[in-house]
Amino acid sequence: MTLLYEHHYETTVITASPLDPDSLAEMNVIIYDSVRKDYAIAVSWQDEGIRREWGIVTCIDRDAQQIKLLRDDGSWWIPINQLLQVERV
């Protein structure tokens, strides 16, 4: 019988392809609308793997190039250059 801790697992991180200007512009519109109109969006980004969370964008930090996604159970600072997908909820 083998135990779980005897197995070796490797994490595989894929690199995301750069976004085309049209999809990046569409993401920006959705993000700005979330800030202005206070509605939730779903965001996917590359971290140690691919993460996906939903919430309301409360702050855009242009100097650090990141957005703050807020939800009742937490908040995340997401680097803009690691965004993969942004969609309305």
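This passage describes the strand pairing, the nonpolar core, the salt bridges and the surroundings of one helical aspartate in a predicted model.

The strand arrangement is considered at the outset, since the later paragraphs refer to it. Strand E1 (41-46) and strand E2 (residues 50-61) run antiparallel and are joined by six bridges, and the connection between E1 and E2 is a hairpin of three residues. Within this pairing, Ser44 has Arg52 of E2 as its bridge partner. Strand E2 also pairs with E3, again in the antiparallel sense, over five bridges, and here Cys59 is matched with Lys68 of E3. The hairpin of E2 and E3 has four residues between the strands, and in this hairpin Gln65 adopts a positive phi near 55°.

The largest nonpolar core comprises 13 residues, and those with the most contacts inside it are Ile31, Ile41, Val43, Leu69, Ile78, Leu83 and Val86. Two or more residues of this core are supplied by each of helix H1, strand E1, strand E3 (66-71), strand E4 (74-79) and strand E5 (83-88). In soluble globular proteins, nonpolar side chains tend to be buried together. The surroundings of Ile31 illustrate how the core is assembled in this model: when neighbours within four places in sequence are left aside, Ile31 is in contact with Ile41, Val57, Ile60, Ile67, Leu83 and Val86. Among these partners, Ile41, Leu83 and Val86 are themselves listed with the residues that have the most contacts inside the core.

Charged side chains form a further set of interactions, with seven salt bridges in the structure. Side chains of opposite charge can pair when their charged atoms come close. One of the salt bridges links Glu87 to Arg52, with the closest N and O atoms 2.4 Å apart. Because Glu87 belongs to strand E5 and Arg52 to strand E2, this pair ties together parts that are 35 residues apart in sequence. Both partners are partly exposed, Glu87 at 29% relative accessibility and Arg52 with a relative accessible area of 43%. Arg52 thus takes part in this salt bridge and is also the bridge partner of Ser44 in the pairing of the strands.

Other salt bridges belong to a network that links Asp47, Arg51, Glu53, Arg71 and Asp73. Within the network, the side chains of Arg51 and Glu53 meet at 3.2 Å, N to O; Arg51 is partly exposed, with a relative accessible area of 29%, whereas Glu53 is buried, at 16%. A salt bridge likewise joins the side chains of Arg71 and Asp73, at 2.7 Å, N to O. For this pair, Arg71 counts as buried at 17% relative accessibility, while Asp73 counts as exposed at 60%.

Finally, Asp33 offers a view of a charged residue in helix H1 (residues 21-37). At 8% relative accessibility, Asp33 counts as buried, because this value falls under the 20% limit that is applied to buried residues. The side chain of Asp33 makes a polar contact with the side chain of Arg36, at 2.5 Å. Beyond its neighbours within four places in sequence, Asp33 is in contact with Asp38, Tyr39 and Arg88.

Conventions: Residues numbered from 1 in each chain as written. Predicted model: local features only at pLDDT ≥ 70, side-chain atom pairs only at ≥ 80, totals over all residues. Heavy atoms only, no water. Buried < 20%, exposed > 50% of the residue type's maximum accessible area, 1.4 Å probe, protein only. Polar contact = N/O pair within 3.5 Å; in protein donor to acceptor, adjacent residues only side chain to side chain. Contact = heavy atoms within 4.5 Å. Core = buried A, V, L, I, M, F, W, Y, C linked by side-chain atoms within 4.5 Å. Salt bridge = Lys/Arg side-chain N within 4 Å of Asp/Glu carboxyl O. Pairing = 2+ DSSP bridges.
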